[in-house]
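Dear colleague,

Please find the structure below, together with its sequence. I have written out afterwards what was found in it, going residue by residue before turning to the chain as a whole.

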Amino acid sequence: QLVESGGGLVQAGGSLRLSCAASGRTFSNMGWFRQAPGKERDSVGIIRKSDGITVYTDSVKGRFTISRDNAKNTVYLQMNSLKPEDTAVYYCAASSWYAGSSKEAGRYDYWGQGTQVTVSS
């Protein structure tokens, strides 16, 4: 089970931190995806359990940071310099088996319920 928290409303240029607590089992890779209204779900970035290496989608590089506390089985998404186009439902995802660097959603078999992030202009 994955439970997200930390979403909300923020002005453009502001920051938010999302958390995702995993329970019930240990996971390999974890990551964040988002879905804006009328659009498909896209990857934000992932973090590998083995070495903590992160991979981000181009639109968030330099603004978003994914981190992970393996002892707490928790992954975080620090979002800075937020833009209105970052508005979306953000989903935490985890893989029970995948340990590579792909952000492809099909490699992640556990999903959170989603948390709304709204950035006002």
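**What was found**

Ile46 sits in strand S5, which covers residues 42-47; please keep in mind throughout that this is a predicted model. With a relative accessibility of 0%, Ile46 counts as buried, because buried means a relative accessible area under 20%. Which residues surround Ile46, once its neighbours within four places in sequence are left aside? Its contacts are Asn29, Met30, Gly31, Ile53, Thr54, Val55, Ile66, Gly100, Ser101, Ser102, Lys103 and Tyr108. Gln113, by contrast, lies 67 residues from Ile46 in sequence, and the C-alpha atoms of Ile46 and Gln113 are 17 Å apart in space.

Ser43 is also part of strand S5, and Ser43 is buried, with a relative accessible area of 13%. The side chain of Ser43 reaches the backbone nitrogen of Gly45 at a distance of 3.4 Å. Beyond its neighbours within four places in sequence, Ser43 touches Trp32, Phe33, Thr57 and Lys103. Lys103 therefore deserves a second look when you open the model, since it appears among the contacts of Ser43 and also among those of Ile46, with contact meaning heavy atoms within 4.5 Å.

Next comes Tyr90, which belongs to strand S9 (residues 88-94). Is Tyr90 buried or exposed? Its relative accessibility is 0%, so Tyr90 counts as buried. The side chain of Tyr90 makes a polar contact with the side chain of Arg34, at 2.9 Å. Arg34 is also one of the residues in contact with Tyr90 when neighbours within four places in sequence are left out, and the others in that list are Glu4, Leu18, Phe33, Val44, Phe64, Leu77, Met79, Gly114, Thr115 and Val117. Lys61, which is 29 residues from Tyr90 in sequence, lies 16 Å from Tyr90 when the distance is taken from C-alpha to C-alpha.

A second tyrosine, Tyr110, is found in strand S10, which consists of residues 110-111. Tyr110 is partly exposed, with a relative accessible area of 30%. Although Tyr110 and Ala94 are 16 residues apart along the chain, their C-alpha atoms are separated by 5.1 Å. Ala94 is also among the contacts of Tyr110 outside its neighbours within four places in sequence, together with Leu2, Arg25, Phe27, Cys92, Ala93 and Ser96. With Arg25 there is a polar contact between the two side chains, at 3.5 Å.

**Around strand S8**

Thr74 lies in strand S8, which runs over residues 74-79, and at 9% relative accessibility Thr74 counts as buried. The side chain of Thr74 reaches the backbone oxygen of Lys72 at 3.0 Å. If its neighbours within four places in sequence are again set aside, Thr74 is in contact with Cys20, Ala21, Ser67, Arg68 and Asp69.

Two residues in loops beside this strand have a backbone angle that you may wish to look at. Most residues other than glycine have a negative phi. Asn73, in the loop between strand S7 (64-69) and S8, has a positive phi of about 55° although it is not a glycine. Ser81, in the loop between S8 and S9, likewise has a positive phi, near 50°, and is a residue other than glycine. Asn73 is buried, with a relative accessible area of 14%, whereas Ser81 is partly exposed, with a relative accessible area of 40%.

**The chain as a whole**

How many helices and strands does the chain have? There are zero helices and 11 strands. The radius of gyration of the chain is 13 Å, close to the 14 Å that the globule rule gives for 121 residues, so the chain is as compact as a globular protein of that length. Along its principal axes, the C-alpha trace spans about 40 × 25 × 25 Å.

Buried residues account for 45% of the 121 residues. Among contacts between residues at least 6 apart in sequence, 58% join residues at least 24 apart. The accessible surface of the chain comes to about 5,900 Å², and 47% of it belongs to carbon and sulfur atoms. Finally, the chain carries 14 positive and 10 negative side chains, and the centres of these two sets lie 4 Å apart.

With best wishes

Key. Residues numbered from 1 in each chain as written. Predicted model: local features only at pLDDT ≥ 70, side-chain atom pairs only at ≥ 80, totals over all residues. Heavy atoms only, no water. Helix = DSSP H or I, 4+ residues; strand = E, 2+ residues; numbered from the N terminus. Rg over C-alpha atoms; globule rule 2.2 N^0.38 Å. Buried < 20%, exposed > 50% of the residue type's maximum accessible area, 1.4 Å probe, protein only. Areas by Shrake-Rupley, 256 points an atom, 1.4 Å probe, with all protein chains shown as cover. Lys, Arg positive; Asp, Glu negative; His and termini not counted. Charge placed at Lys NZ, Arg CZ, Asp CG, Glu CD. Polar contact = N/O pair within 3.5 Å; in protein donor to acceptor, adjacent residues only side chain to side chain.
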